[in-house]
Amino acid sequence: MALTHEDVRKIATLARLRFSPEEEAKLTGQLAKIVDYIDQLQAYEVAEPEAPSQGARELEDRPHECLPREKLLANAPASMDAFLLVPEVKGGGGGDA
Amino acid sequence: MPELWELSVEETARRVRGGEVSAAEVLESCLARTAHVEPLIAAYLEIFEDEARGRAAEIDRRVAAGEDPGPLAGVPVALKDNLSLDGHALTCASRILTGYVAPYTATAVERLLAAGAVPVGRANMDEFAMGSSCENSAYQPTRNPWDLRAVPGGSSGGPAAAVAAGSVPLSMGTDTGGSVRQPAALCGLVGVKPTYGRVSRYGLVAFASSTDQIGPIARNVRDAALSLRVIAGADPRDSTCAAEPVEDYLTGIEEGIAGLRVGVIREADPARLGGPVAENWRRSLDRLASAGAELVEVSVPSLDAAVAVYYVIATCEASANLARFDGVRYGDRSPEADNLIDLYFDSRSEGFGPEVKRRIMLGTFALSSGYYEAYYGRARGVLERMRQELTAALEAADVLATPTTPSAAFRIGEKVDDPLAMYLSDVFTTPASLVGLPAVAVPSGMDEQGLPLSLQVMGRPFGEATVFRVCRAFEREVGWAVAPKFLGERGEEAA
């Protein structure tokens, strides 16, 4: 398929990324070329996935010690007591750069 | 007499355990070597000399007290910067993790420590392990010790360059589509991508969870086998880590490969690449045959689709895994935003580099409504086909062989503006990743420019012992000099 600027803007909004017009132009060209290449997959035979052979084992559900909260919160850009701090939740322009 | 930094992992540990040399002497030799080579290759993001000296001293105390510090006693090791070491910075070579400090230690790293290894630093990588040249690091490009104008490969470019240059005898990388094997190949080293589930990923920053594996990079096959044994095995903290018992890979590694069937994949015929890789490949097949292997032709028609399948599946998983980097819980937060949505957009747009953004975009696209079936669904279907074909090939043969890479190390800057060309260098490594097979890259000689070339051996799930045995037999045939000449020793360094 031919990827357009509009597609790229829509995907960027979904991905929570912003691009300058120059970045967007370059990225559209690069992604279009990659998607073109990936389109060759339509020509290959497929098989139905069987039982997952790369799946997870079921582990016994046992309580164990957690990492200390202070240690984890020490990595937060902003926190107060036991909470992460963020700016106002309402508002925001989203993807429109 | 070789310098201590030139010793193999096995020999280093043997001497330290036996009290012939101290871990401190080994470490000082490696640190001196590092001081000499690091300004040229830039393999590290951080070197923690003092802490390493403390650990080495502790190993020596234990030896003096009659204890055995373990199979990696006193072995200096470099850790790729996506592996957690409690209390140390962890960046994945990304700006978005600026200031992040690992709050715990990865299981694989814990096992290295328990075996007596001495971590010396955080090694450079492509940002979030996305890349094949180490040029996508937000901090610095790493250079190939064999030719400072060339890339070391990626994404584990720092770990590979560090070992190739003699800074350390062992490093830990991670391989999602070839990120241990390709840099090992380009730097003339042995690189291991274990079976999916062989090594715990607790403490590894996730990129593509259905293929990520941690694996060792070393100068010879025995060292790689010994090190994998240390880090492999079940872990209650990672439910994707398999319960299969871990073999002693050194037992039987010297037994040779008489009568063993090595599958040659018709669709991966490197003759069509031409040039030194094709010529080296023919010689590699001769060497396998003269070691006693029976060469059998196998067919994997979906092989040519591997890169396309990989760049759909890995980017889809990456777009989900990297959603957690949003400036809220850890890492870098954009100071500008006055509401939460803008905080996400600003932090991610400022924090991620171009290749990471490209892959998040590609994965988001392939998972988006209207395209999911055509891209992700299709890729999963072709992947299942590939799994069936490779499983059948591994019934007709005991192992499969291909070159590791379609070319020797390329020049820095050569492919930075052409992501697709960069992706295509993963053509031989992605199938084992997608299907979860063990695969080892082993040096196969050099091209006419003196750059290393490499053979890849793939095996059945949890068949690492057989893969190592083939690689060891091949290594003996190649007669690879374990300590190649680098930099100053080749007379290239400025006086």
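Over which residues of chain B does pLDDT stay under 50? The answer is residues 491-495 of chain B, for which the model has 3 contacts beyond four places in sequence. Here pLDDT is the predictor's confidence in each residue, from 0 to 100, and two residues are in contact if their C-beta atoms, placed from the backbone, lie within 7 Å. Where pLDDT is low, the predicted coordinates should not be read in detail.

**Getting oriented**

This is a predicted model, in which local features need pLDDT of at least 70, side-chain atom pairs count only at pLDDT 80 or more, and totals for chains, interfaces and linings use all residues. Residues are numbered from 1 along each chain as its sequence is written, while chains are lettered from A and ligands numbered from 1 in the order in which they are written. The model scores ipTM 0.91 and pTM 0.96. In chain B the average pLDDT is 95, and 97% of the residues score at least 70.

**Chain B as a whole**

Let's begin with chain B, which has 15 helices and 11 strands. Both kinds of element are DSSP runs numbered from the N terminus: helices are H or I runs of at least four residues, and strands are E runs of at least two. The C-alpha trace of chain B spans about 65 × 55 × 50 Å along its principal axes. For its 495 residues, a compact globule would have a radius of gyration near 23 Å, and the 21 Å of chain B agrees with this. That radius is taken over C-alpha atoms, and the globule rule is 2.2 Å times the number of residues to the power 0.38.

Of the 495 residues in chain B, 63% are buried. A residue is buried if 20 or more other C-beta atoms lie within 10 Å of its own, exposed if 12 or fewer, and partly exposed in between, with C-beta atoms placed from the backbone. If you take the contacts in chain B between residues at least 6 apart in sequence, 76% of them join residues at least 24 apart.

**A helix with two faces**

Now look at helix H8 of chain B, residues 275-290. At 1.5 Å a residue, its 16 residues should span 22 Å, and its end C-alpha atoms are 23 Å apart, which agrees. The expected span is 1.5 Å times one less than the number of residues.

Which residues of H8(B) are buried? They are Val277(B), Asn280(B), Trp281(B), Ser284(B), Arg287(B) and Leu288(B). They lie on the same side of H8(B), because they cover an arc of only 120° around the axis. The arc is that of the directions from the helix axis to the C-beta atoms. An α-helix has 3.6 residues a turn, so residues three or four places apart point the same way.

The buried residues of H8(B) pack against several elements of chain B, among them strand E7 (261-265), strand E8 (294-298) and helix H15 (464-478). On the face turned away from the buried side you will find the exposed residues Arg282(B), Asp286(B) and Ser290(B). After H8(B) comes Gly292(B), with a positive phi near 110°.

**Backbone details in chain B**

Two cysteines have a positive phi although neither is a glycine. Both are buried.

| Residue | Phi | Other C-beta atoms within 10 Å | Loop of chain B |
|---|---|---|---|
| Cys92(B) | about 55° | 28 | between strand E2 (76-80) and helix H4 (107-114) |
| Cys134(B) | near 70° | 33 | between E3 and H5 |

Ser155(B) is found in the loop between strand E3 (118-123) and helix H5 (157-164) of chain B. A cis peptide bond joins Gly154(B) to Ser155(B), with omega about 5°.

**Chain A and its contacts**

Chain A has 3 helices and 2 strands, and along the sequence they follow the pattern α-α-α-β-β. Of its 97 residues, 14% count as buried.

How many residues of chain A are in contact with chain B? There are 46, and they touch 53 residues of chain B. The elements that give two or more residues to this side of chain A are helix H1 (5-14), helix H2 (21-38) and helix H3 (69-73). H2(A) gives the most, with 7 residues. By class, this side of chain A has 26 nonpolar, 11 polar and 9 charged residues. Ala, Val, Leu, Ile, Met, Phe, Trp, Tyr, Cys and Pro count as nonpolar, Asp, Glu, Lys and Arg as charged, and the others, Gly among them, as polar.

Helix H2 of chain A is also the place of Glu23(A). Glu23(A) is partly exposed, because 17 other C-beta atoms lie within 10 Å. From Glu23(A) to Tyr44(A) is 21 residues in sequence and 33 Å in space, C-alpha to C-alpha.
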